[in-house]
Amino acid sequence: MHTFKHSLKQFNRIQHSALRLESFDPIQNFPECGGIGFFIGTVRNHHEGKAVKSLKYTSYAPVSEKMIRQIEQEIQQQFAVPYVRVIHRIGTLDIGEKAIIAVAYAAHRREAFAACEEAVERVKHEVPVWKEEFYQDGSSQYVAGCCIRKDYVGSSQVSHNESHMQQHCEHQHSAHKSLQSDREQNVVLNKTCEQTIYQWHM
């Protein structure tokens with residue numbers, strides 16, 4: 001494993017400015033690694049038959065930062081790789097702009113690809129980032145997705161994802177607790193949970 005002879009770069013995982021590959025640590029700092037897995041997701045010009053003009057990503061950065069860093073650490077342990085990093089853009093993005101970049105270094109390509117894919121999937125389905133699409137016809141909408149990956153068949157992973165979602169929902173729920181009745185709180189909680197369901201389409 002990596003001995004960390006070089007200090008790793010410090011950067012935000014949630015960024016307002018254009019994403020750059022230069023943000024990541026170079027592979028040269030990891031001589032034990034022979035493979036790089038990376039994914040770049042950009043804004044496309046269509047969604048479900050509608051012409052997309054631009055997107056707007058919003059996020060509660062303190063929570064998202066913490067969650068992405070935790071996901072990185074867990075994936076490094078899971079795949080026994082020394083380096084996994086993900087950065088996600090927020091703000092208004094035009095067609096073709098980078099929305100997310102994930103990078104993984106490993107001794108071999110298989111582990112690099114697997115770790116990179118897992119990083120993208122977990123950030124996509126677990127981190128509270130919301131996407132609003134703006135269309136050429138002047139309309140707009142928030143894009144909803146599924147908080148639990150369909151390719152996860154193990155009950156332990158489902159429980160893991162549900163636990164993350166429950167934590168977000170409970171956090172939002174507490175802000176309304178002193179202001180509303182029990183019935184009203186449940187309505188707000190359900191709506192908040194629906195909003196935290198996130199899916200970006202690449």
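**Close-up 1. A salt bridge between E22 and R20.** In this predicted model, E22 pairs with R20 in a salt bridge whose closest N and O atoms are 3.9 Å apart. R20 has a relative accessible area of 46%, so it is classed as partly exposed. Side chains of opposite charge can pair when their charged atoms come close. The pair shown here belongs to a wider set, as a search of the whole structure finds eight salt bridges.

**Close-up 2. A salt bridge between helix 1 and helix 2.** Here the side chains of E74 and R122 meet, with 2.7 Å from N to O. The contact brings together distant parts of the chain, since E74 sits in helix 1 and R122 in helix 2, 48 residues apart. How exposed or buried is each partner? E74 has a relative accessible area of 24%, and it is therefore partly exposed. R122, at 5% relative accessibility, counts as buried because the cut-off for that class is under 20%. Do look for E126 in this view too: salt bridges that share partners join E74, R122 and E126 into one network.

**Close-up 3. E72 and its two neighbours, R13 and V84.** E72 forms a salt bridge with R13, and the closest N and O atoms of the pair are 3.0 Å apart. This is another link between distant parts of the chain: E72 belongs to helix 1, while R13 lies in the segment before strand 1 (14-15), 59 residues away. Are these charged partners buried or exposed? Both E72 and R13 are buried. On the V84 side, the C-alpha atoms of V84 and E72 are separated by 5.5 Å, with their positions 12 residues apart along the chain. V84 is part of strand 5, and its 1% relative accessibility places it among the buried residues.

**Close-up 4. The largest nonpolar core.** This view gathers the 28 residues of the largest nonpolar core, in which Y57, V84, V86, V123 and V127 touch the most other members. Several elements give two or more residues to this core: strand 4 (50-59), helix 1 (61-79), strand 5 (83-89), strand 7 (98-106), helix 2 (109-126) and strand 8 (129-135). Which element gives the most? That is helix 2, with six residues. Elsewhere there is a second, separate core of 10 residues, and its members include F11, F30, I101 and Y105. In soluble globular proteins, nonpolar side chains tend to be buried together.

**Close-up 5. Helix 1, from its span to its buried residues.** Helix 1 has 19 residues, and its first and last C-alpha atoms are 27 Å apart, close to the 27 Å expected at 1.5 Å a residue. Which residues of helix 1 are buried? They are S64, E65, M67, I68, I71, E72, I75 and Q76. An α-helix has 3.6 residues a turn, so residues three or four places apart point the same way. With that in mind, it is worth following I68, I71, E72 and I75, which are among the buried residues of helix 1.

**Close-up 6. Two loop residues with positive phi, A80 and E48.** Most residues other than glycine have a negative phi. A80, which follows helix 1, has a positive phi of about 55 degrees although it is not a glycine. A80 is placed in the loop between helix 1 and strand 5. Its relative accessible area is 54%, so A80 is exposed. E48, likewise not a glycine, has a positive phi of about 50 degrees. The loop that holds E48 runs between strand 3 (46-47) and strand 4. At 69% relative accessibility, E48 also counts as exposed, because that class begins over 50%.

**Close-up 7. A nonpolar patch on the surface.** Which residues make up this patch? L21, I36 and F38 form it, and together they have about 290 Å² of accessible area. F38 is found in strand 2 (residues 35-42).

**Close-up 8. Two buried cysteines, C33 and C116.** C33 has 10% relative accessibility and therefore counts as buried. C116 is buried as well, with a relative accessible area of 5%. How many disulfides does a search of the whole structure find? The search returns zero.

Conventions
Residues are numbered from 1 along each chain as its sequence is written. This is a predicted model: local features need pLDDT of at least 70, side-chain atom pairs count only at pLDDT 80 or more; totals for chains, interfaces and linings use all residues. Side-chain values use heavy atoms; hydrogens and water are left out. A nonpolar core is a set of buried Ala, Val, Leu, Ile, Met, Phe, Trp, Tyr and Cys residues joined through side-chain atoms within 4.5 Å. Buried means under 20% relative accessible area, exposed over 50%, partly exposed in between (1.4 Å probe, protein chains only). Helices (H or I, at least four residues) and strands (E, at least two) are DSSP runs, numbered from the N terminus. The expected span of a helix is 1.5 Å times one less than its number of residues. Patches are made of residues with over 30% relative accessible area and no salt bridge: like charges are joined within 9 Å, nonpolar side chains (Val, Leu, Ile, Met, Phe, Trp, Tyr) within 5 Å. Accessible areas come from the Shrake-Rupley method with a 1.4 Å probe; for residues, only the protein chains shown count as cover. A salt bridge is a side-chain nitrogen of Lys or Arg within 4 Å of a carboxyl oxygen of Asp or Glu. A disulfide is a pair of cysteine sulfur atoms within 2.5 Å.
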